[in-house]
Amino acid sequence: PEPATTSVDIMPRDLLRPSAKDERRKYKLKRLVQSPNSFFMDVKCPGCYSITTCFSHAQTVVLCAGCSVMLCQPTGGKARLTEGCSFRHKYD
């Protein structure tokens with residue numbers, strides 16, 4: 001008789017410790033730790049270099065307080081920054 005062989009199937013992914021890349025692609029409620037996709041950001045005006053805080057998924061046009069230039073315009077999801085504007089995530 002043949003000896004009993006035990007083969008351990010190795011899963012292609014570690015379900016307890018998913019990679020950051022896999023977590024970002026998942027739906028926000030299906031992640032290991034639920035987190036929103038939206039964030040606040042500081043947007044720098046290309047003309048007067050003043051910084052304005054706006055929401056990543058803004059539903060209205062955001063204007064610069066100094067020179068009234070349009071900084072971002074709404075789309076169906078995330079707001080689209082005007083060309084020349086730079087931004088950074090705003091953390092606590």
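**Notebook: charges, shape, cysteines and two loops**

I counted the charged side chains of the protein and found 14 positive and 8 negative ones. The centres of the two sets lie 10 Å apart. I note here that the model is a predicted one.

**Elements**

I looked up the secondary structure next. The protein has one helix and six strands. Read from the N terminus, the order is α-β-β-β-β-β-β, and I see that the helix precedes the strands in that order.

**Shape and surface**

I checked the overall dimensions. The C-alpha trace spans about 85 × 25 × 20 Å along its principal axes. The radius of gyration is 22 Å, whereas a compact globule of 92 residues would have one near 12 Å. I then looked at burial: 18% of the 92 residues are buried. The exposed area of the protein is about 7,800 Å², and carbon and sulfur atoms supply 56% of that area. For contacts with a separation of 6 or more, I found that 25% join residues 24 or more positions apart.

**Cysteines**

How many disulfides does the protein have? I counted zero, using the rule that the two sulfur atoms of a disulfide lie within 2.5 Å. For Cys-48, the nearest cysteine sulfur is that of Cys-64, 3.5 Å away, and Cys-48 is in no disulfide. Cys-48 is partly exposed, at a relative accessible area of 35%.

I went on to Cys-54. Why does the sulfur of Cys-54 have no bond to the sulfur of Cys-72? The closest cysteine sulfur to that of Cys-54 is in Cys-72, and at 4.0 Å it is too far for a bond. Is Cys-54 buried or exposed? I have Cys-54 down as buried, with a relative accessible area of 5%.

**Two loop residues with positive phi**

I looked for residues other than glycine with a positive phi and wrote down two entries. Tyr-49 is not a glycine, yet its phi is positive, about 60°. Where does Tyr-49 lie? I placed Tyr-49 in the loop between strand E1 (40-44) and strand E2 (51-55). Tyr-49 counts as exposed, with 61% relative accessibility.

Ser-68 is also not a glycine and has a positive phi of about 60°. I found Ser-68 in the loop that runs between strand E3 (62-63) and strand E4 (70-73). Its relative accessibility is 55%, so I entered Ser-68 as exposed too.

Conventions
Residues numbered from 1 in each chain as written. Predicted model: local features only at pLDDT ≥ 70, side-chain atom pairs only at ≥ 80, totals over all residues. Heavy atoms only, no water. Helix = DSSP H or I, 4+ residues; strand = E, 2+ residues; numbered from the N terminus. Rg over C-alpha atoms; globule rule 2.2 N^0.38 Å. Buried < 20%, exposed > 50% of the residue type's maximum accessible area, 1.4 Å probe, protein only. Contact = heavy atoms within 4.5 Å. Areas by Shrake-Rupley, 256 points an atom, 1.4 Å probe, with all protein chains shown as cover. Lys, Arg positive; Asp, Glu negative; His and termini not counted. Charge placed at Lys NZ, Arg CZ, Asp CG, Glu CD.
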